[in-house]
Amino acid sequence: MNDKRKILITCALPYANGYIHLGHLVEYLQADFWARFQNMRGNECVFICADDTHGTPIMVKARELGITPEALIAQSYKEHTQDFADFQVQFSHFGSTNSEENRLLCEYFYKKMQEGNHTRSQPIQQMYCNHDKMFLPDRFVKGTCPKCGAKEQYGDSCDVCASTYSPSDMKDVHCSLCGTAPVMKDSESIFFKLNDFKQYLEEWIPKHCSPEISKKMLEWFNEDLKDLDISRDEPYFGFAIPGTNNKKFFYVWVDAPMGYMSTTEQWAKSQGKTLKDIWQDPSREIYHFIGKDIARFHTIFWPAFLKAAEFRSPNQVFVHGHLMVNGEKMSKSKGTFIAARTYLNHLNPEYLRYYYSTKLSSSVDDIDLNLEDFTNRVNSELVGKITNLGSRGGQMLKKKMDGKMSVPDAEGKKLIEHAQKTAESIAAHYEARDFAKALGEIRGLADDANKYFDEKAPWKTLETDPEGTKQVITTTLNMFRMLAIYLKPVLPFYSQKVAKLLGEKDYVWSDLNTVLTNREINDYEHLATRIEADKVKAMVEEGRKINEEIQAAKKAASTAKPAAAPAPAAAATAGDRPAEIEFADFDKVDLRIGQVIEAEEIKEADKLLRLKIDIGEGQIRQIISGIKAAYKPEQLVGRKVLVCVNLKPRKMKFGMSEGMVLAAGTGGSDLFVLSADDGAQVGQRVK
């Protein structure tokens with residue numbers, strides 16, 4: 001065993017506008033295997049992750065659902081953390097990029113970039129909607145895909161053929177808010193001068209990445225590195241860039257990797273430490289687990305950001321391949337684009353953990369989830385070979401004998417000693433993230449144990465040689481126990497059940513040195529049952545139906561006006577032209593004169609104020625309003641405002657919002673609260 005190591009590992013942050021699927025789990029499970037192995041070996045391994053919560057897609061998705069971005073990311077956080085917990089992924093801390101720690105960190109990095117003269121400003125042409133008076137992020141643009149001709153596709157990628165492109169490449173381009181054709185207009189953007197770090201990165205990449213990733217990334221260095229546009233125009237859900245009057249926001253690929261550090265800082269605070277105590281500790285190893293599709297961001301942009309801000313870089317960036325299903329890319333139409341929750345509705349999570357472990361290596365090769373092989377391998381290996389040892393041995397000892405182990409026989413001792421000698425070889429495979437090789441050796445030990453058990457045939461000698469029979473069962477249960485210890489990084493709950501069967505505490509790696517003798521065991525509990533093919537088919541069918549519903553909803557949304565974003569909204573829009581209504585429809589809206597009696601900022605939120613408003617007849621309403629960028633609390637106290645009082649109350653992260661304060665403008669600092677004329681009294685209805 002090595003001296004105790006201090007390790008920090010991170011996974012790529014799941015985006016908050018979508019569900020966790022089986023492709024995502026390739027990364028989170030292999031990182032969890034590695035973290036659990038390190039902790040079993042006695043090392044201090046901290047496993048960090050967070051939701052990636054900013055960017056235009058979040059804003060668009062929230063608008064489609066008629067909720068605030070904050071409400072959307074809160075719901076995603078709840079769903080993501082539950083999915084991870086149910087798949088037994090054990091994070092030390094799971095955070096969010098929409099945190100105060102992350103905002104301050106972004107501002108600190110930006111300050112250091114400016115101090116080092118690593119930023120510059122330049123006007124660039126962007127699409128602008130004259131109708132809505134705003135620059136249009138890619139997701140606020142729709143048109144015809146330049147690759148396949150599909151209509152009503154977003155301005156950055158096609159849902160039909162999965163192509164990526166620039167909005168200017170599309171045909172029939174129009175604003176997704178109002179339908180009018182945008183124009184090109186100059187906007188001042190802020191760039192990070194990436195080429196300042198070219199020499200540093202050329203030296204850094206080969207030392208911190210695998211040879212295959214290094215070779216691929218260094219292809220970018222045949223010419224000067226292009227500067228990175230780190231700013232986005234409003235409307236944008238994210239952090240405002242200091243000094244831009246809330247008109248510019250940090251690009252999501254700036255604040256997302258900061259989430260590794262801000263979430264580490266949150267964990268550090270829980271331990272009575274600071275971010276620098278952890279991140280800048282020279283004795284602590286830092287590792288990033290990421291997919292090959294985002295390798296460039298993590299091996300070129302992120303190390304340059306860290307260098308500019310004078311923070312250390314990770315020791316290694318571990319890059320993995322993608323998930324194939326039945327030899328093909330995951331397919332929504334075939335039902336093989338499967339959500340984690342869909343899988344959990346039908347199958348035991350430990351089956352997928354086991355199967356992935358038999359496929360994963362340290363390379364960037366894609367892995368294939370062949371559903372027939374998945375079923376056969378779990379049934380034959382995990383259930384038929386490994387679990388069968390504990391089931392047959394444990395039940396025989398408890399039901400047919402006195403339930404107490406004795407000692408291994410001579411042949412059994414040699415078998416156990418061989419299994420113990422394999423420990424460092426298996427550990428080396430785990431350390432190298434060659435999980436498939438580790439599982440190969442574990443299966444070999446299971447084969448040895450089954451051969452021993454079958455040759456000894458203890459079920460035949462129960463009556464004629466009870467002492468010898470008990471020695472065979474004792475050997476078998478010791479081998480089963482060792483397999484459970486070796487498998488604990490992959491099957492932690494399974495391993496806990498084995499420890500319970502044998503009356504032991506949760507296993508650590510050094511427990512392999514112990515051989516159990518003369519120990520009474522507990523009643524056997526079922527550890528794993530065979531996968532039924534019908535359950536796999538049902539899972540695929542559910543996945544297909546869910547994706548059909550999602551595609552139908554997208555198609556309907558592409559031909560309909562988007563729902564108006566409720567207050568508090570990430571960014572209000574002007575100029576939507578709803579259909580004419582009858583007076584009776586308008587009369588359903590109860591607008592009243594209210595007076596602000598209290599106002600305070602919600603410090604945890606960038607855009608929200610908490611207002612207490614008198615609406616007459618002794619009624620005081622709490623309204624949470626997205627006007628923080630436009631008003632200071634003291635500017636509103638005493639002011640008469642227009643309030644929609646019969647809007648259904650909405651439970652938000654920061655409390656209940658019981659109405660809506662009316663305002664005009666495009667959002668952000670461009671918002672103007674509507675006031676009543678002189679003479680209007682609190683509580684009067686607006687007609």
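Let me start with contacts, meaning heavy atoms within 4.5 Å. Of the contacts in the chain with a separation of 6 or more, 74% are between residues 24 or more positions apart.

Before going on, some ground rules. This is a predicted model, where local features need pLDDT of at least 70, side-chain atom pairs count only at pLDDT 80 or more, and totals for chains, interfaces and linings use all residues. Residues are numbered from 1 along each chain as its sequence is written, and side-chain values use heavy atoms, with hydrogens and water left out.

Now the overall picture. The C-alpha atoms of the chain fill a box of roughly 105 × 60 × 55 Å along the principal axes. There are 20 helices and 26 strands; these are DSSP runs, H or I of at least four residues for helices and E of at least two for strands, numbered from the N terminus. The chain has 687 residues, and 54% of them count as buried. Buried is under 20% relative accessible area, exposed is over 50%, and partly exposed is in between, with a 1.4 Å probe and protein chains only.

The accessible surface of the chain is about 30,400 Å², and carbon and sulfur atoms hold 49% of that. Those areas come from the Shrake-Rupley method with a 1.4 Å probe, and for residues only the protein chains shown count as cover.

On to charge. The chain carries 91 positive and 95 negative charges, and their mean positions are 1 Å apart. Lys and Arg count as positive, Asp and Glu as negative, while His and the chain ends are not counted. Each charge is placed at NZ of Lys, CZ of Arg, CG of Asp or CD of Glu.

How many salt bridges does that give? The count comes to 39, a salt bridge being a side-chain nitrogen of Lys or Arg within 4 Å of a carboxyl oxygen of Asp or Glu. Side chains of opposite charge can pair when their charged atoms come close.

I will go through some of these. Glu328 pairs with Lys334, with 2.7 Å between the closest N and O atoms. Glu328 is partly exposed at 39% relative accessibility, and Lys334 is partly exposed at 47%. Glu219 and Lys216 also form a salt bridge, at 3.8 Å from N to O. Here Glu219 has a relative accessible area of 45% and Lys216 has 47%, so both are partly exposed.

Next is Asp447, which forms a salt bridge with Lys385, the closest N and O atoms being 3.0 Å apart. This pair links distant parts of the chain: Asp447 sits in helix 15, residues 435-456, and Lys385 in helix 12, residues 371-400, with the two positions 62 residues apart. Asp447 is partly exposed at 34%, as is Lys385 at 28%. There is also a network, in which salt bridges that share partners join Arg5, Glu285 and Glu431.

Staying with helix 15 for a moment, Glu455 lies in that helix and is exposed at 55% relative accessibility. Between Glu455 and Lys276 there are 59 Å in space, C-alpha to C-alpha, and the two are 179 residues apart in sequence.

Now the backbone. Most residues other than glycine have a negative phi, and most peptide bonds are trans. Which residues depart from that here? One is Arg433, with a positive phi of about 65°. Arg433 is in the loop between helix 14, residues 423-431, and helix 15, and is buried at 12% relative accessible area. Another is Asn117, whose phi is near 60°, in the loop between helix 4 (100-115) and strand 4 (119-129). As for peptide bonds, the one joining Glu234 and Pro235 is cis, with omega about 0°. Pro235 is in the loop between strand 11 (231-233) and strand 12 (248-250).

Last, the cysteines. How many disulfides does a search of the whole structure find? Zero, where a disulfide is a pair of cysteine sulfur atoms within 2.5 Å. Why is Cys45 in none? The closest cysteine sulfur, in Cys11, is 11 Å from that of Cys45, which is too far for a bond. Cys45 is buried, at 7% relative accessible area. Cys158 is in no disulfide either, and the nearest cysteine sulfur, that of Cys148, is 3.7 Å away. Cys158 is also buried, at 3%.
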